[in-house]
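Visitor: Before we begin, please show me the model, and then take me through how to read it.

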Amino acid sequence: MGRTFVFLPPLRTVSGGLAVLLDVAVALSAMGREVRLVLREAGATPLALPADIPVVPLAEAGMGPGDVYLVPEGWPNALAPGLSAGARCVVYCQNWAYLFNGLPEGVTWDRLPVTFLAVSDPVARYIERALGVLPPVLRPVIDPARFYPPEAKPVPALVRVGYMPRKNKGLAAMIRRMVEARAPRTGMAPEFVPIDGLAPDGVAEAMRSCHVFLATGFPEGCPLPPIEAMACGCVVAGFAGFGGFDYMRQAGEGGYVPSLPLRDVPWGGNGFYAADNDVFGATACLEAACLLWLKGGGKLATVLEDARLTVAAYGESSRREALLGIGEGLGAATKNSCTPS
């Protein structure tokens, strides 16, 4: 059995995608795979790396033909050592919008001997539409020891709305101002809670204190904050970023749906979602989520239960099953084995 090398991009701060890459490496190691973490240069990561997985610099990785090399989309230049060594190179696409970022002039994906792995079903469908290959999907995991609901979150007199200012900050401010401007006529004046600059445990604690989470991120591959908010007992409203429709399903009547067919899931409506960049639509979604909490009752209970079912599908057992299904190749789909769009 060959080794698996996982490239960690040299980012200044920890992103969701970077954390997911490390989680995948840890999961593969726990399954008995021989794993190496690859850094462009020593110390070039803000992550706290596990002591039991070797770390190697990119220039000295020492890959060979029997190895697998996992690289996120947007970093095609990092593929060079793996391609030169004859390793099986797998591009893990974590955001559909960055699939073509970083490709050198005149180079296209169909000219490179790589296979693909997608972080969500929408991302896989995007790759299929763009490149004619439908890759397997490896979804992130939501940690139930960190993201869980409070013992009780009663129907509030004042709805608390959590949001992350770093996600399209200007649009988040526009939605907030519109809700506040409409408050004298709607009777809804929620308290907005910015979630920013916190460690993961602090993020979870802030989410547990909220009733609604306003999702303003796009583009997204498989956005983690909204589903983490669901795990903390929030009703989600806002944008899906396209990739969010891996798990987001409309709880309201006549809500926005994307142009691609949605995969079948064992849960129903878990939030209220507008088209990306639609401030008017997102405002209506946010107000609908707040009203749901103010009314309480069976409809609220149903949405929260569907959110719970959603989160349950993003557990460690699901990822392990996906890794086993993908097999030793960690991206077994090829152009010859996939049906073109």
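**From one residue to the sheet**

Guide: Valine 20 is found in helix 1, where helices (H or I, at least four residues) and strands (E, at least two) are DSSP runs numbered from the N terminus. This is a predicted model, in which local features need pLDDT of at least 70, side-chain atom pairs count only at pLDDT 80 or more, and totals for chains, interfaces and linings use all residues. Residues are numbered from 1 along each chain as its sequence is written, and side-chain values use heavy atoms, with hydrogens and water left out.

Visitor: Is valine 20 buried or exposed?

Guide: Buried means under 20% relative accessible area, exposed over 50%, and partly exposed in between (1.4 Å probe, protein chains only). Valine 20, with a relative accessible area of 7%, is therefore buried.

Visitor: Which residues does valine 20 touch?

Guide: Contact means heavy atoms within 4.5 Å; leaving aside residues up to four places away in sequence, valine 20 touches Tyr92, Gln94, Pro140 and Leu224.

Visitor: How are the strands of the open sheet ordered?

Guide: Strands of a sheet pair through backbone hydrogen bonds, either parallel or antiparallel. Two strands pair if DSSP finds at least two bridges between them. Here six strands form an open sheet in the order 3-2-1-4-5-6, with parallel pairing, and the edge strands, each pairing on one side only, are strand 3 (55-57) and strand 6 (114-118).

Visitor: Which residue stands opposite leucine 37?

Guide: Strand 2 (residues 35-39) pairs with strand 3 in the parallel sense over three bridges, and leucine 37 stands opposite valine 55 in strand 3.
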